[in-house]
Amino acid sequence: MSYWDGTRFVPVRNLTISRATASDQPTTLAFDAVRSSRVRLDMTSAAPGTGAGFLQIVTLQVLSGGTAVT
């Protein structure tokens, strides 16, 4: 996960990932707050080229202090 600092994308700080434990359950990412016009999510399959290696974003929700950002 990275954000635009006005010149380049830089990694967010203190990224924590809570992985889904079942189908249709969310994986959540949390990190220190940033102020930016752009964020980048890099995804890497744990098992590329296999049935278990599929990645999909169904819903992406950005929250700031528990409030949805639009």
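A pocket is an open set of points on a 1 Å grid over the protein atoms alone, with protein on both sides within 12 Å along at least five of seven lines, and a lining residue has an atom within 4 Å of a point. Grid points are joined across faces, edges and corners, and a volume is the space filled by probe spheres set on the points.

The model is predicted: local features need pLDDT of at least 70, side-chain atom pairs count only at pLDDT 80 or more, and totals for chains, interfaces and linings use all residues. Residues are numbered from 1 along each chain as its sequence is written, and side-chain values use heavy atoms, with hydrogens and water left out.

**Exercise 1. Describe the largest pocket and its lining.**

Step 1. Take the volume: the largest pocket holds about 1900 Å³ of space.

Step 2. Count the lining: 46 residues contribute, and those nearest the centre are Thr 27, Thr 28, Leu 29, Leu 41 and Leu 60.

Step 3. Assign elements, where strands are DSSP runs of E with at least two residues and helices are runs of H or I with at least four, numbered from the N terminus. Two or more lining residues come from each of β4 (28-30) and β6 (63-64). Strand β4 supplies the largest share, three residues.

Step 4. Sort by class: Ala, Val, Leu, Ile, Met, Phe, Trp, Tyr, Cys and Pro are nonpolar, Asp, Glu, Lys and Arg charged, and the others, Gly among them, polar. The lining then divides into 25 nonpolar, 15 polar and six charged residues.

**Exercise 2. Give the overall make-up of the chain.**

Step 1. Count the elements: there are zero helices and seven strands. Read from the N terminus, the order is β-β-β-β-β-β-β.

Step 2. Take the extent: along the principal axes, the C-alpha atoms fill a box of roughly 40 × 25 × 20 Å.

Step 3. Apply the accessibility classes: buried is under 20% relative accessible area, exposed over 50%, and partly exposed in between (1.4 Å probe, protein chains only). Of the 70 residues, 9% count as buried.

Step 4. Consider contacts, meaning heavy atoms within 4.5 Å. Among contacts between residues at least 6 apart in sequence, 28% join residues at least 24 apart.

**Exercise 3. Work out the open sheet that contains β1, then place Ser 2 in β1.**

Step 1. Order the strands, which pair if DSSP finds at least two bridges between them. The open sheet has three strands in the order β2-β1-β5, with antiparallel pairing. Its edge strands, each pairing on one side only, are β2 (9-11) and β5 (39-40).

Step 2. Look at one pair: β1 (residues 2-4) and β5 are joined over two bridges in the antiparallel sense. In this register Tyr 3 stands opposite Val 39 of β5.

Step 3. Turn to Ser 2, a residue of strand β1. Ser 2 is classed as buried because its relative accessible area is 5%.

Step 4. List the contacts of Ser 2 beyond four places in sequence: Phe 9, Val 10, Pro 11, Val 12, Val 39, Arg 40 and Asp 42.

**Exercise 4. Which side chains form the salt bridge?**

Step 1. Start from the principle: side chains of opposite charge can pair when their charged atoms come close.

Step 2. Apply the rule, a side-chain nitrogen of Lys or Arg within 4 Å of a carboxyl oxygen of Asp or Glu. The count comes to one salt bridge.

Step 3. Name the partners: Arg 40 and Asp 42, at 3.9 Å from N to O. Arg 40 has 37% relative accessibility and is therefore partly exposed.

**Exercise 5. Characterise three loop residues, Asn 14, Leu 15 and Pro 26.**

Step 1. Asn 14 is in the loop between β2 and β3 (16-18). Its phi is near 60°, a positive value in a residue other than glycine. Asn 14 counts as exposed because its relative accessibility is 56%.

Step 2. Leu 15 is also in the loop between β2 and β3, and at 36% relative accessibility Leu 15 is partly exposed. Beyond four places in sequence, Leu 15 contacts Met 1, Leu 29, Ala 30 and Phe 31.

Step 3. Pro 26 is in the loop between β3 and β4, and with 56% relative accessibility Pro 26 is exposed. Not counting residues up to four places away, Pro 26 touches Ser 18, Arg 19 and Ala 20. Between Pro 26 and Leu 60 the C-alpha distance is 9.9 Å, at a separation of 34 residues in sequence.

Technical notes:
1 Å grid on protein atoms, 1.4 Å probe; cavity = no way out; pocket = protein on both sides within 12 Å on 5 of 7 lines; lining within 4 Å.
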